[in-house]
Every structure is written in C-alpha cells, then in structure tokens.
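Please open the model in your viewer and keep the sequence panel beside it. The stops below give a selection to make and then describe what is found there.

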Amino acid sequence: MNLSHLRYFVELAHTRHYTRAAEHLFITQPSLSHAIGQLESELGVPLFERSGRNTTLTRLGEEFLVCAERTLSTLDSGVESLRRSAQGEELIRLGLVRPLGVDFIPDLAARFLAENPGKEIHFTFGTGVTQQLLDGLLARRYDLVFSSMPPAELGLSARSVVRQDLVLVVPPDHPLAGRKSIDLEETLSYPYVSFSRGSGMRDTVDALFGQLQARPRISCETEEMEVVAGLAARGFGIAVVPRMDLLDQLPLKVISIARPAWERSIYMVSDERIYLSPVVRNFQRFVLEQQGGETETVQKC
C-alpha cells in the first residue's frame with residue numbers, strides 16, 4: 001500500500017474537499033483523484049461519497065481513517081525518533097497524575113540523569129487525569145504514563161510501581177474528626193466530595209464502596225485530587241483520597257480506613273505494540289529496579 005496515498009486519504013478525509021486537499025498536499029486535483037481511486041480499488045470498498053460540493057467519508061471510510069491515522073502516527077513517531085537520535089538527542093516523554101509531580105517523578109528523573117552522565121537525555125512532563133494520559137499515550141504524545149490501571153480493552157502494559165494507602169479526610173469540626181480509624185459503612189450518612197468519572201481514583205473509590213455494596217451520597221465532583229482535598233477542607237463533604245503530603249498543609253483531619261481494606265497502586269503504563277527508543281527502555285528498566293515494580297497485568301488486544 002502506497003504511504004503517500006494514505007496521507008492523501010487522511011488529508012481529504014479532514015478537508016472534505018478535493019481542490020482544497022490537493023492545494024494542501026501540493027499536488028493537482030486529478031493526481032489526488034487518481035490516488036484515491038487506486039486506494040479504493042486496492043481496498044475493494046468506497047471510501048468517499050459526494051455530498052453537494054463537499055466530499056464525505058463512507059462508514060467504511062470512517063473505519064479506515066482510524067487505522068490510517070494510527071499507522072501514519074506510528075511511522076512519523078519512529079522517523080522523528082531516528083532524527084533526534086541522529087542529532088545526538090534522546091528524549092523521554094512522560095505523562096503523570098499530578099501528585100506524582102511533586103516528588104516521585106522528579107526524583108526518579110534526576111537519579112536517572114545522574115546515572116547517565118555525559119549523555120544528551122531530556123525529559124518532557126505532561127500531567128492530567130488517568131483517561132487524558134492514556135489518550136495521550138495511545139496518540140503517541142507520551143512514551144510512558146504513570147497513572148491508575150488502564151482498562152483491559154486498551155491492550156496496554158501496566159507495571160505497579162507505587163502503592164498508596166487510602167484515607168478518609170474530614171474538616172476539623174466534622175462529627176467524625178475525633179476518630180483515628182473508621183469503617184466506611186459508618187460514613188454513608190454524610191455527603192462526599194467525589195472524583196469525576198474518567199478519573200482513575202473514581203474507579204478506585206467506587207470499587208471500595210462496592211465491597212460494602214453501597215454508594216456514597218455525592219455532593220460535588222471534580223477531577224483533581226488537590227481540589228477534592230480542598231473542597232473537603234472547606235466543608236463541601238468528606239472524601240476518600242490517597243495519603244499525600246498535601247493533606248498535612250490543609251485544615252483536615254486524616255482518618256485511617258479500617259474497613260474495607262484497600263490500597264491504591266500507581267502503574268507505569270506503556271504500549272508494547274509500538275517502538276520505544278533505547279533510552280525509554282533504559283528508563284523503564286531503571287524505574288522497575290528502583291521501585292521493585294513488576295508487571296501486574298499485561299493486556300493484549
């Protein structure tokens with residue numbers, strides 16, 4: 001299959017106009033029409049249909065667009081990696097949930113650089129909630145992601161590298177503030193500040209209450225752990241969060257969870273279906289050696 005034809009197809013799929021697409025590609029419109037015709041003939045299905053002056057994808061064309069974009073993205077990523085390596089530059093692109101950016105990831109990166117003196121190694125760091133990070137990994141914007149466990153259907157490899165205890169946080173004047181530990185079943189009458197759906201912590205907390213066959217009464221939702229803790233400190237509700245240094249800086253009482261037993265794992269997530277440069281592989285091994293991590297789940301498509 002001609003890679004140029006794939007690029008022509010993707011451009012036309014986004015532009016939806018033969019003349020404009022040809023201009024963007026710096027080819028003639030007949031050349032573009034001929035290339036698309038050859039591609040459709042090779043595939044044996046129509047990819048486009050006319051809609052007035054514009055061109056739209058057929059259902060099969062929409063399906064093929066996903067494949068074509070992923071193929072070109074992987075190729076472009078590999079070419080860019082080779083160019084960087086040829087220039088003596090090695091880049092590691094990390095995505096991480098924000099609490100890890102305070103100490104854990106900066107410490108790992110600094111120690112890795114210290115063990116590789118004289119090498120041109122650079123890091124980039126992106127932050128977000130788990131779903132955003134996994135989307136970025138699949139889109140090839142990150143080489144490795146540190147997040148909650150990815151869904152099995154994504155076909156990603158996940159290695160546990162950090163374990164966090166979960167705790168209950170309440171304002172200092174809350175009726176539960178005097179408790180040192182608690183059974184979460186005792187908290188069900190109080191409103192909760194919850195993590196938004198799509199956050200890895202939301203799945204974790206839902207699973208926690210699932211053990212009790214109960215659901216907390218949610219007063220408000222947000223994505224970030226820091227905001228959940230801040231809202232709890234201001235009386236918007238109580239919350240279950242990972243034990244983190246930030247809690248000591250807020251007007252909160254931190255209560256151990258006696259039941260149900262639970263802890264949260266943070267995973268180093270990668271897509272083993274694509275090429276990872278030697279420096280990324282070396283960092284991957286370094287993290288596992290430093291943290292004693294192991295592959296808890298390797299999911300395949």
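Begin by selecting E120, in the loop between α5 (104–114) and β4 (121–127) of this predicted model. With a relative accessibility of 47%, E120 counts as partly exposed, because the partly exposed class runs between the limits of under 20% for buried and over 50% for exposed. Add E90 to the selection and draw a C-alpha to C-alpha distance: E120 and E90 stand 6.0 Å apart in space, with their positions 30 residues apart in sequence.

Next, select L65 in helix α4. L65 has a relative accessibility of 13% and therefore counts as buried. Show the residues that it touches: beyond neighbours within four places in sequence, L65 is in contact with F9, V10, A13, H14 and L57. To set a long distance beside these contacts, select I121 as well. The C-alpha atoms of L65 and I121 are 35 Å apart, for a separation of 56 residues along the chain.

Stay in this part of the chain and select T58, which sits in the loop between β2 (54–57) and α4 (59–86). Is T58 buried or exposed? Its relative accessibility is 11%, so T58 counts as buried. Which residues does T58 contact, once neighbours within four places in sequence are left aside? The contacts are P46, L47, F48 and E49.

The tour now turns to pairs of helices. Two packed helices are described by the distance between their axes and the angle between those axes.

Select helix α1 (residues 3–15) together with helix α3 (residues 29–43). Their axes come within 9 Å and cross at roughly 105°. The pair α1 and α3 is therefore roughly perpendicular, since crossing angles of 65 to 115 degrees are classed that way. Display the side chains of the contact: from α1 come H5, Y8, F9 and L12, and from α3 come L32, A35, I36, Q38 and L39. By class, the contact of α1 with α3 comprises 7 nonpolar residues, 2 polar residues and no charged ones.

Keep α3 in view and add helix α2 (residues 18–25). The axes of α2 and α3 come within 9 Å and cross at roughly 100°. This crossing makes α2 roughly perpendicular to α3. On the α2 side the contact involves Y18, T19, A21, A22 and L25, and on the α3 side Q29, L32, S33 and I36. The contact of α2 with α3 contains 6 nonpolar and 3 polar residues, with no charged residues.

Between α1 and α2, select R16, which lies in the loop that joins them in sequence. The phi angle of R16 is near 60°, a positive value in a residue that is not glycine. R16 has a relative accessible area of 44%, so this residue is partly exposed.

A second arginine with positive phi can be found further along the chain. Select R140, in the loop between α6 (130–138) and β5 (144–147). Phi of R140 is near 70°, again positive in a residue other than glycine. R140 is buried, with a relative accessible area of 9%.

Move on to helix α7 (residues 200–210) and select D203. D203 has a relative accessible area of 54% and is therefore exposed. Add S148 to the selection: the C-alpha atoms of D203 and S148 are separated by 9.1 Å, and the two residues are 55 positions apart along the chain.

Next, select R259 and P260 together. The peptide bond from R259 to P260 is cis, with omega near -5°. P260 belongs to the loop between β11 (253–259) and β12 (263–270).

The last stop is the largest pocket, which holds about 360 Å³ of space. Thirteen residues line this pocket, and those closest to its centre are P99, V102, D103, M244 and D245. Select these five and centre the view on them. What classes of residue make up the lining of the largest pocket? The lining consists of 7 nonpolar, 2 polar and 4 charged residues.

Note on methods: Residues are numbered from 1 along each chain as its sequence is written. This is a predicted model: local features need pLDDT of at least 70, side-chain atom pairs count only at pLDDT 80 or more; totals for chains, interfaces and linings use all residues. Side-chain values use heavy atoms; hydrogens and water are left out. On a 1 Å grid over the protein atoms alone, a cavity is a set of points where a 1.4 Å probe fits but cannot get out, and a pocket is an open set with protein on both sides within 12 Å along at least five of seven lines; lining residues have an atom within 4 Å of a point. Grid points are joined across faces, edges and corners, and a volume is the space filled by probe spheres set on the points. Ala, Val, Leu, Ile, Met, Phe, Trp, Tyr, Cys and Pro count as nonpolar, Asp, Glu, Lys and Arg as charged, and the others, Gly among them, as polar. Axes are lines fitted to C-alpha atoms, for helices over the stretch in contact, and angles run from 0 to 180 degrees between N-to-C directions. Helices (H or I, at least four residues) and strands (E, at least two) are DSSP runs, numbered from the N terminus. Angles under 35 degrees count as roughly parallel, over 145 as roughly antiparallel, 65 to 115 as roughly perpendicular and the rest as oblique. Contact means heavy atoms within 4.5 Å. Buried means under 20% relative accessible area, exposed over 50%, partly exposed in between (1.4 Å probe, protein chains only).
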